[in-house]
Amino acid sequence: MQREQFIELVKAEQEGLRRFLLALTCGNRDDADDLAQEALVKAYLASGTFHSADRFRAWLYKIAYNTFISSHRSPKDCFVSINAVVTTVPHRQASSQDCLYRQAGLLDANSGLCDQPDLSMSPDRRYRYQELYMALAQLPPKERGAVVLHYLNERSVKEISKITDSGDIAVRSLLMRGRNRLRKILDDYGKR
């Protein structure tokens, strides 16, 4: 792959990759940026042997996912400031990606994320997103990766299988366990 082609493909995937890593790092911009930079350097160094531009996205996400897993071998607590959450939640029209937020009880049927960040968002609403990041932080890294890829990045089970080097059944199991744990964690938050 030529350098110019690599740059063009990265430009097309950069925003989505960053959102993916931001969710995996529970809204920690510094960690997400570090992981993105490390993943992009690894991808660039390996780009000479990669020739299939139509599979670039899956290849890049796989490198980023493996970089995340490698850097988080030991569980770490992940806390996010309420103000940071406002700028880390993807700003777009409500879509099927909101399914996770709705299942988690963080959005009602009439809520949705907007095109522009609402910096005047009430502290209560900002806190709701913080709870989601805190709940995601409690999931094991592989479950968190599967949940984030499926619900926040709208990846299919087959795509997640390729990214994580797991079988379809293993991915479905990770998603089921991750959903169940998230539901329990968020239910416990609601009881506090």
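How many helices and how many strands does the protein have? In this predicted model, the protein has nine helices and zero strands, and the legends below take up selected parts of that arrangement.

**Figure 1. Overview of the predicted model, with its pattern of helices along the chain.** Read from one end of the sequence to the other, the protein follows the pattern α-α-α-α-α-α-α-α-α, in keeping with a count of nine helices and zero strands. Of its 192 residues, 44% count as buried.

**Figure 2. Close-up of the aromatic cluster that includes Phe50, Phe56 and Trp59.** A search of the whole structure finds six aromatic pairs. In one of them, the ring centres of Phe50 and Phe56 lie 6.3 Å apart with the planes at 65°, and because an angle over 60 degrees counts as edge-to-face, the pair is assigned to that class. Phe56 also pairs with Trp59, and here the geometry is tilted, with 5.7 Å from centre to centre and 50° between the planes. Ring pairs link these three residues with Phe6 and Tyr44 into a cluster. Phe50 and Phe56 are both buried, the relative accessible area of Phe56 being 1%, and Trp59, with a relative accessible area of 17%, is buried as well. Within the cluster, Phe56 and Trp59 both belong to helix H3, which spans residues 56–71, and they are three residues apart there, about one turn of the helix.

**Figure 3. Close-up of Arg155 and the ring of Tyr61.** The charged end of Arg155 sits over the ring of Tyr61, at 4.6 Å from the centre of that ring.

**Figure 4. Close-up of Asp54 in the loop between helices H2 and H3.** Asp54 is placed in the loop that lies between helix H2 (29–46) and H3, where a relative accessibility of 69% makes Asp54 count as exposed. The side chain of Asp54 makes a polar contact with the side chain of Ser52, at 2.5 Å. Asp54 and Leu9 are 45 residues apart in sequence, while their C-alpha atoms are 9.7 Å apart in space.

**Figure 5. Close-up of the packing of helix H1 against helix H3.** Helix H1, made of residues 3–24, packs with H3 at an angle of about 40°, and the two axes are 10 Å apart. That angle makes H1 oblique to H3, and the crossing in which H1 passes H3 is right-handed. Helix H1 also holds Leu17, which is buried with a relative accessible area of 2%. The C-alpha atom of Leu17 is separated by 9.2 Å from that of Asn153, a residue 136 positions away along the chain.

**Figure 6. Close-up of the backbone at Cys26, in the loop between helices H1 and H2.** Although Cys26 is not a glycine, its phi is positive, at about 60°. The residue lies in the loop between H1 and H2, and with a relative accessible area of 0% Cys26 is buried.

**Figure 7. Close-up of helices H7 and H8 and of Glu154 in the loop between them.** Helix H7 (residues 141–152) and helix H8 (residues 157–164) pack at an angle of about 140°, with a separation of 10 Å between their axes. Since only angles over 145 degrees count as roughly antiparallel, this arrangement makes H7 oblique to H8, and H7 passes H8 in a right-handed crossing. Glu154 is found in the loop between these two helices, where its phi is near 50°, a positive value in a residue other than glycine. At 41% relative accessibility, Glu154 counts as partly exposed.

**Figure 8. Close-up of Arg172 in helix H9, shown together with Ser161.** Arg172 has its place in helix H9, which covers residues 168–191, and with a relative accessible area of 52% Arg172 is exposed. Arg172 and Ser161 are eleven residues apart in sequence, and the distance between them in space is 9.3 Å, taken from C-alpha to C-alpha.

How values were computed:
Residues numbered from 1 in each chain as written. Predicted model: local features only at pLDDT ≥ 70, side-chain atom pairs only at ≥ 80, totals over all residues. Heavy atoms only, no water. Phe/Tyr/Trp six-rings, centres within 6.5 Å; stacked < 30°, edge-to-face > 60°. Buried < 20%, exposed > 50% of the residue type's maximum accessible area, 1.4 Å probe, protein only. Helix = DSSP H or I, 4+ residues; strand = E, 2+ residues; numbered from the N terminus. Lys NZ or Arg CZ within 6 Å of the ring centre and 35° of its normal. Polar contact = N/O pair within 3.5 Å; in protein donor to acceptor, adjacent residues only side chain to side chain. Axes fitted to C-alpha atoms, helices over the stretch in contact; angles between N-to-C directions. Parallel < 35°, antiparallel > 145°, perpendicular 65-115°, else oblique. Left-handed = near helix turned anticlockwise from the far one by under 90°.
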